[in-house]
Amino acid sequence: MYDGLPTPGRNDECWCGSGKKYKKCHLSFDERLEALYEAGEEVPPRDLLKTAEDIAGVKHSAEVNIGVLDYVAERIGPGVTTEQIDQWVHDYTVEHDAIPAPLNYEGFPKSVCTSVNEVVCHGIPSSDEVLKEGDIVNVDCSTIRDGYFSDSSRMFCIGEVSPEAADLVRVTKEAVEEGLKAVKPWGHLGDVGAVVNEYAKAHGYSVVREFGGHGIGLEFHEDPFVSFVTEPGTGPIMVPGLMFTIEPMINAGAQEIDMSDPNGWTVRTEDRSLTAQWEVQLVITEDGYELLSW
Ligand code: MF3
Ligand code: CO
């Protein structure tokens, strides 16, 4: 087949783990994939498609991922350091039989990313960084439980924030919700990014191009890359079983970013304008999608 992966015989067991014969299970599904490929579409290889067992494993992981963000939400506020957030995330995660995925990931030194104000992503928690009234901060949690990955992030407004900051945070959340409306099985992934980009631009904001969402499940970052500056009708087909994140980074000012921080991680807006991000994780189903973490 198009993906070069082995395909069972008609009477052999299906590749999806259902235990059914291939001809009674994914045979016609695979024929649909092959036809799309022949028609010139970008079709994800079948080893990216999650089985029922995979999805159950990711949901178990996501219980901790959602729980840790709820835990942070109850405690974050003025005077809290980003180091304190890191400790909450680390301790909550390990106490729930899970591992914080960022810790030591490609050398990342902490258990969570905390990105304050003009920091686009990958902010490193620090005891020197005290949250103050008016700050906006993204807390990005990624969790491994029994080998399954979950990943989501939320924005937090510290005390009263400026109307400009509040609007950016709200619009960025709405952009994700609009993007979700464009998630359709057998549709193009580029439809999602196009909707997000249009929504951000309509509010006078810009979308970061260099970072985006990603496939996830058995690894932290799987294919496909999920861009939020795409054209409708382009990109991979959202095949049932495909699992990925929607996590646009939206800037109040220009879309350019500055990656020159000597720590090798912290990304800022080039013009030092405010930036926001929300992240959700989902899996495509036969008739829509299922949100897994948020
Ligand atoms: N959590 C980020 C994401 O949404 C990735 C962070 S990479 C890390 O994909 F090393 F900083 F953890
Ligand atoms: Co992510």
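**View 1. Cysteines without a disulfide partner.** A disulfide is taken here as a pair of cysteine sulfur atoms within 2.5 Å, and by that cut-off a search of the whole structure finds 0 disulfides. Cys14 is in no disulfide, the nearest cysteine sulfur being that of Cys25 at 3.6 Å, and Cys113 is likewise in none, with the sulfur of Cys121 nearest to it at 7.5 Å. Cys113 has a relative accessible area of 9% and is buried (buried means under 20% relative accessible area, exposed over 50%, partly exposed in between, with a 1.4 Å probe and protein chains only). This is a predicted model, in which local features need pLDDT of at least 70 and side-chain atom pairs count only at pLDDT 80 or more, whereas totals for chains, interfaces and linings use all residues. Residues are numbered from 1 along each chain as its sequence is written, chains are lettered from A and ligands numbered from 1 in the order in which they are written, and side-chain values use heavy atoms, leaving out hydrogens and water.

**View 2. The ring pair of Trp15 and Phe29.** Rings of Phe, Tyr and Trp (its six-membered ring) pair if their centres lie within 6.5 Å, and planes under 30 degrees apart count as stacked, over 60 as edge-to-face and the rest as tilted. Trp15 and Phe29 form a tilted pair, 6.3 Å centre to centre with 55 degrees between the planes. Trp15, at 25% relative accessibility, is partly exposed, whereas Phe29, at 9%, is buried.

**View 3. The ring pair of Phe108 and Trp265.** These two rings meet edge-to-face, with 4.9 Å between centres and 85 degrees between planes, and both Phe108 and Trp265 are buried.
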